[in-house]
Amino acid sequence: MRTAVITVASSARREHFERQRRVLAEVAADIVRVEAWLDETAPAGIQDAESLTLHVPPGPVGLRVGEGRNRAAEAAVAAGAKLLVFLDVDCLPGPDLLPAYRSAAAAYPDALLAGPVTYLASVQRPESAADLPFLTRPHRARPALPLGVNRRATAAEYDLFWSLSFAVAPPTWERIGGFAPVYEGYGAEDTDLAWSARARGVEMRWVGGADAYHQWHPVSSPPWQHLDDILRNGAMFHERWGVWPMSGWLEAFAAAGAIERRGGGWARVHGRGRQPR
């Protein structure tokens, strides 16, 4: 099954990108690599003979992550890919990620496929695919099944879809409609994709053994640096679906006094919005 591995990247994650490339070369020599760069100007020295490289510059208010994935998927299909594997630049593929996704896609070609994700600690900097199985500790928020086992997600579990690692056959991708290009910056585009899949009757399946490993980088919780993006994209999601996503983060921002409820939405409180000290 001709497989494309699709990555969207920015210069801020160049080290993660280079590590992902090295590990991918170890676990899969027979893939189409499609890489979409989201910076204002595409960084130098990132194209090689083994990849299809695209440049999708930011929109007026932020990086166009969803649109980058859409264009990369289009290029992958044009190159003859029969399976699209989306892997964020932060993520390393485990040795069984591609075989597990391929096996699941062969059995369930009409499904949206999602594998487990391990979040690596700051001291864990694997340089080889052989290091990864020893670090496996899937995030407990989502099902983590044994290799060779997968199951259908419940309707409520579509909210647990994370776009950092998933796979889909091109006809199913077309049926879902790809990512809504209205989102820019951080947040909501992956939940929107999952809800679009559910609304169109596309089943989601949890794929055991398709382990991805999220490389460490500094984060804050809630993500204060993305507050404006979360408010804007959350409002867009509400307009499309009638509910606000990312409720845990919104409530945390509200508890810190940075935002407040106004009518059916959320808005900044004047003079606030920085992480409390």
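Welcome to this structure, starting with one helix and its surroundings: the buried residues of H1 are covered by elements that include S1, S2, S3, S4 and strand S5 (91-93). The model is a predicted one. Several of those covering strands belong to an open sheet of 8 strands, and the notes below move from H1 to that sheet, then on to the cores, helix H6 and one buried residue, Val117.

**Helix H1**
- Helix H1 covers residues 14-27, and its 14 residues should span 20 Å at 1.5 Å a residue.
- The C-alpha atoms at the two ends of H1 are indeed 20 Å apart, in agreement with that expectation.
- On the buried side of the account, H1 contributes His16, Phe17, Arg19, Gln20, Arg21, Val23 and Leu24.

**The open sheet**
- Reading across the sheet, the strand order is S3-S2-S1-S4-S9-S6-S10-S8, with mixed pairing.
- Strand S3 (51-55) and strand S8 (150-152) are the edge strands; each has a single partner strand, so one side of each has no neighbour in the sheet.
- From one strand to the next, the twist averages 20°.
- Helix H2 (residues 65-78) packs on this sheet, where it touches strand S1 (3-9), strand S2 (31-37), S3 and strand S4 (83-87).
- The direction of H2 makes about 155° with that of S1.
- Further along the sheet, strand S6 (residues 112-114) and strand S10 (residues 204-207) run parallel and are joined by 3 bridges.
- Within that pairing, Leu113 has Arg205 in S10 as its bridge partner.

**Nonpolar cores**
- The largest nonpolar core has 32 residues, and those touching the most other members are Ile6, Leu84, Phe86, Leu112, Phe166, Val168 and Trp173.
- H2 gives the most to this core, supplying 5 residues.
- A second, separate core holds 23 residues, among them Leu87, Leu97, Ala100 and Leu113.
- Val168 is a good residue to click on: apart from neighbours within four places in sequence, Val168 contacts Leu83, Leu84, Phe86, Ala111, Leu112, Trp173 and Ile176.

**Helix H6 and the hairpin**
- Helix H6 (residues 227-241) has 15 residues, and the distance from its first C-alpha to its last is 20 Å, close to the 21 Å expected at 1.5 Å a residue.
- The buried residues in H6 are Leu227, Asp229, Ile230, Leu231, Asn233, Gly234 and Phe237.
- Helix H5 (189-199), helix H7 (247-255), S12 and S13 are among the elements that cover them.
- Just after H6 comes Gly242, with a positive phi of about 90°.
- Two of the covering elements also pair with each other: strand S12 (residues 259-262) and strand S13 (residues 265-268) are antiparallel, over 4 bridges.
- Ile259 has Arg268 in S13 as its bridge partner.
- The hairpin of S12 and S13 has 2 residues between the strands, and Gly263 in this hairpin takes a positive phi near 65°.

**A look at Val117**
- Val117 lies in strand S7 (residues 117-119).
- With a relative accessible area of 2%, Val117 counts as buried.
- Along the chain, Val117 and Ala212 are 95 residues apart, yet their C-alpha atoms are separated by 4.9 Å.
- Ala212 is also one of the contacts of Val117 beyond four places in sequence, along with Arg137, Pro138, His139, Arg142, Trp162, Leu164, Ser165 and His214.

How values were computed: Residues are numbered from 1 along each chain as its sequence is written. This is a predicted model: local features need pLDDT of at least 70, side-chain atom pairs count only at pLDDT 80 or more; totals for chains, interfaces and linings use all residues. Side-chain values use heavy atoms; hydrogens and water are left out. Two strands pair if DSSP finds at least two bridges between them. Axes are lines fitted to C-alpha atoms, for helices over the stretch in contact, and angles run from 0 to 180 degrees between N-to-C directions. Contact means heavy atoms within 4.5 Å. The expected span of a helix is 1.5 Å times one less than its number of residues. Buried means under 20% relative accessible area, exposed over 50%, partly exposed in between (1.4 Å probe, protein chains only). A nonpolar core is a set of buried Ala, Val, Leu, Ile, Met, Phe, Trp, Tyr and Cys residues joined through side-chain atoms within 4.5 Å.
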